[in-house]
Amino acid sequence: MFVEGIKPIVIEAGGLMIRSGFDVMEKGSSVNLVTSSDLAVQHFLVERLAALIPGSGFICEEEDFDDESKEYTWIIDPIDGTANYARGMIDCCISVALAKGGEVIAGVVYSPWRNELYSAEKGCGAFLNEQKLKVSSRPFSDAIFCTAMSTYRKEFAKACSDIIFDVYMRSNDVRRFGSAAIELCMLAAGHMELYFEMRLQPWDYAAASLILSEAGGVSCGFDGAPLSLTKPSMVMASNNRDSLDELLSTVHRHLPELPY
């Protein structure tokens, strides 16, 4: 199983996250940050994972890695939730997915400060540490809705706000943690039932989307199709198909077409 080889590498990389002292830099704006820890974690993961599957390719958030042409491709976010990390908040994690033929076959999401290691291999279920995961059975009307306001593209904030208000008025409540990977994994663990983000990159959701599906959840992009592994995507997810369809119809009511 690939995931058993990935987990110890990701756990070791977590040690680079929780070390004291790091530099914070901006990537074009004050809301888009990168730290020296992001770079250190990514370098470590690329070196160790390349040795795990020689000849594999990489799609990574930092330093413009982009190599989806190989049979096996690693999709890596060295620190998802960098803004949280830079401020000393615990909701941040390492996300590593392995894709073959355009399909994610293994995923690991590790939050060192939470001591939470989420993992999944296609067809083998999803786990938090050693505990098997299963989504909740709560309906749309009792759902906790996890979402955000399109931090990096604030021109989409009004549409996000309209969608959030619409769903909020028909569900239980809204949450925001600042790490897409952690939020999708929490959905897989049954802590929430609905998820929406206007625009995410594949490294934000590749590993967590497999963990969610192996826990019985569902996800899709704006057109209802599976999430892209090669370009930005709107991400919607839920604990069941009926709720996902209702979320999708809500989004389409406010957005007749994808705005990017």
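Here is a quick briefing on two helix pairs and two pockets. Keep in mind that the model is predicted. One helix pair, H1 with H2, is packed at about 160 degrees, while the other, H5 with H6, sits at about 5 degrees. The largest pocket holds about 760 Å³ of space, and the second largest comes in at about 370 Å³.

**H1 against H2**

- Helix H1 covers residues 2-17 and helix H2 covers residues 36-52, and their axes run 9 Å apart at an angle of about 160 degrees.
- Angles over 145 degrees count as roughly antiparallel, so H1 is roughly antiparallel to H2.
- The crossing of H1 past H2 is right-handed.
- On the H1 side, the contact uses Gly5, Ile6, Ile9, Val10, Glu12, Ala13, Leu16 and Met17.
- H2 answers with Ser37, Ala40, Val41, Phe44, Leu45, Arg48, Leu49 and Leu52.
- Sorted by class, that contact comes to 12 nonpolar, two polar and two charged residues.

**H5 against H6**

- Helix H5 (residues 180-188) packs on H6 with the axes 8 Å apart and an angle of about 5 degrees.
- The cut-off for roughly parallel is under 35 degrees, and H5 and H6 are therefore roughly parallel to each other.
- H5 brings Ala180, Ala181, Leu184, Cys185, Leu187 and Ala188 to the contact, and H6 brings Asp204, Tyr205, Ala208, Ile211 and Leu212.
- This contact has 10 nonpolar residues, one charged residue and no polar ones.

**The largest pocket**

- There's about 760 Å³ of space in here, with 34 residues making up the lining.
- If you want to find the middle, look for Val31, Thr151, Tyr152, Arg176 and Gly178, which lie nearest the pocket's centre.
- Strands E2 (32-35), E4 (72-80) and E12 (194-200) each give two or more residues to the lining, as do helices H3 (82-86) and H6 (202-214).
- The lining splits into 11 nonpolar, 10 polar and 13 charged residues.

**The second largest pocket**

- This one has a volume of about 370 Å³.
- Its lining has 17 residues, and Ser209, Ser213, Ser219, Pro226 and Leu227 are the closest to the centre.
- Strand E6 (103-111), H6 and strand E13 (218-220) are the elements giving two or more residues to this lining.
- H6 gives the most, with four residues.
- By class, the lining has seven nonpolar, six polar and four charged residues.

**Where H6 turns up**

- H6 packs against H5, gives residues to the lining of the largest pocket, and also helps line the second largest pocket.

Key: Residues numbered from 1 in each chain as written. Predicted model: local features only at pLDDT ≥ 70, side-chain atom pairs only at ≥ 80, totals over all residues. Heavy atoms only, no water. Axes fitted to C-alpha atoms, helices over the stretch in contact; angles between N-to-C directions. Parallel < 35°, antiparallel > 145°, perpendicular 65-115°, else oblique. Left-handed = near helix turned anticlockwise from the far one by under 90°. Contact = heavy atoms within 4.5 Å. Nonpolar A, V, L, I, M, F, W, Y, C, P; charged D, E, K, R; others polar. 1 Å grid on protein atoms, 1.4 Å probe; cavity = no way out; pocket = protein on both sides within 12 Å on 5 of 7 lines; lining within 4 Å. Points joined across faces, edges and corners; volume = space filled by probe spheres on them.
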